[in-house]
Amino acid sequence: MATAIEPAATNEYDSVLPIPAGDRYAGTWTMIWLWAGGNILLTTFVLGGYYAPGIGATGLIVATIVGAGLGNLLPAISGLRSARYGVDEFIGIRSAFGTRGANIGVLMLVLVNFGWIGIFSALAGSSGSASLGQFGHGLSFPHAYTVFALGVGLVLPVVLLYVRHTAVFTLVKFAVPLLVIFAALLLWKQFSVFGWHDIARYKANHSVNWQYAIEAQIAYGVSWFPYMGAWNRFAKSERGSFVGVWVGMGVIAILFALVGGFATLTTGSSDPSVWATRSGLGVPALAIIVFSTLINSAMLLYCSAMAVRSALPKLPYHFVVVIVALPSIAFIYQGTLNSKFSILLTIAGGFIAPYWGVAMGDYFLLRRQRLDLVELYRGPGSRYWYRGGWNLIAVGVWIIGLVAWMFLGGWQSPYSWLAFPPGEHLFNALTATAPVVVGTALLYAGLIKLVIRRGKGTAAHGQLAPIGAAYEEAKPAPVAS
Amino acid sequence: MPETTGGSQASVQASHDALAAAVARSAAAVEPGGEISFREIIFHFVWTTLLVLGASFWWYAAH
């Protein structure tokens, strides 16, 4: 019988190797707390506030529940790959894009993380300093914004990852239940002050429409695609990871968007620092700000570090953690919350959704959840090497999906040149992100099947020859005895 | 399309070989076994999509 990977292996590759089933320690509840913690974000509050005025209180509730249900299901499905094989996201998707093509995903993740962590840190800065004001002037101090933004958003997460990245699992187990209680308290406070009858009086002003609300929830869920693998590979079972992502992220997406949406309706502002000031809930608000920012920045930075190491495994882990953290500082001090958030949702929908749509088409529709683990790590000559490390059909379908999303949803971005009236019209029937994920998965699977059925994936057909090799029946996956 | 050449090509190959060898030694201990079937995935996708469509019909009927 083959020898298990030593969990304490100290060679430079240890953290990018697959985690043996026996060494995975995150049960279903741990995964639920982890992904719930992942979604406990000030931006999850803000999301509800984005569309609440447009569709009113009742619409807010319905759109949030159904949108979050579907939006968080998609990453839960995508994350099954890493839960089954114990590999990082960007190792697993090599089967679709090729060993080098997977680095497109690495690049997207690292760049998007600069923005997300910048937003989290900036919100922590503004909301943290506003919350301190609730305790009286004695606790306010100059540069509170910078202390909260840099300290909680970057320095503490880096320290946490330096000490032990799995400490995040310990942190979420006690912090997340507390934060959920605090969020429920915020919701209860809104109802006790205003009452449902008052809140329900806020009718839709149609500043945004129903599809925008559904799209926002789905794009927000889909923005988690790149982060699944780094953490799901610690899951003891596929079902644990699936339930953890869907229930953990979904419940928080609903609860927080409702709190944020109602707060926006009652205060007239979508800025959490305004609610923190007006709610009078100093301690809960401050706890949510500090712990949610710390947990999320640490989770995202770890994903960036692992993604970079999947492409460049010889780089030292601690060095990579710092390198992927530093550029976020620029995003803390420039741009408005609204503009940064719109840009990130555009990137999530336009770039990330079709990329992972192709990856899901490869793994679920073509490979039926079976990969050749050793081949994922082999270089030139691997069945997943395709041509020069790139699967050009996958890259082509991704680009088609990107263009399709921009046509349908580009008008949501801050850039007017991305607005196409016919696309916007079609958006009102289809939305953008969900059809692009499904469409790219189907298109990719269809094209590959066409190539193979026509016999072009053979050595006689130069450019397409590697396709046939890549999609030969995978060897029966080994099962732990 | 030209790939990396000479020494760097050899280095890339060596790096991948080392990783693949480590994985090959441990492959039997990696997979926990498939618990979620394709049919179950499709089932969840279909009912959540129908929920979104149903809610959308409700919204447009009400407005």
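**Why these terms apply: salt bridges, burial and helix crossing**

In this predicted model, Asp198(A) and Arg201(A) join their side chains in a salt bridge, at 3.0 Å from N to O. Local features need pLDDT of at least 70, and side-chain atom pairs count only at pLDDT 80 or more. Side-chain values use heavy atoms, with hydrogens and water left out.

Q: Why is the contact of Asp198(A) and Arg201(A) called a salt bridge?
A: The term requires a side-chain nitrogen of Lys or Arg within 4 Å of a carboxyl oxygen of Asp or Glu. The N to O value for Asp198(A) and Arg201(A) is 3.0 Å, so the pair qualifies.

Q: What makes Arg201(A) count as exposed?
A: Residues are buried under 20% relative accessible area, exposed over 50% and partly exposed in between (1.4 Å probe, protein chains only). Arg201(A) has 61% and is therefore exposed, whereas Asp198(A), with 28%, is partly exposed.

Q: Why is Glu375(A) called buried?
A: Its relative accessible area is 10%, so Glu375(A) meets the criterion for burial. Its salt-bridge partner Arg378(A), at 2.9 Å from N to O, is partly exposed because its relative accessible area is 28%.

Q: Why are H2(A) and H2(B) called roughly antiparallel?
A: Angles between N-to-C directions run from 0 to 180 degrees, with axes fitted to C-alpha atoms over the stretch in contact. Under 35 degrees counts as roughly parallel, over 145 as roughly antiparallel, 65 to 115 as roughly perpendicular and the rest as oblique. The axes of H2(A) and H2(B) cross at roughly 160 degrees and come within 10 Å; the two helices are therefore roughly antiparallel.

Terms used: Residues numbered from 1 in each chain as written. Chains lettered and ligands numbered in written order. Helix = DSSP H or I, 4+ residues; strand = E, 2+ residues; numbered from the N terminus.
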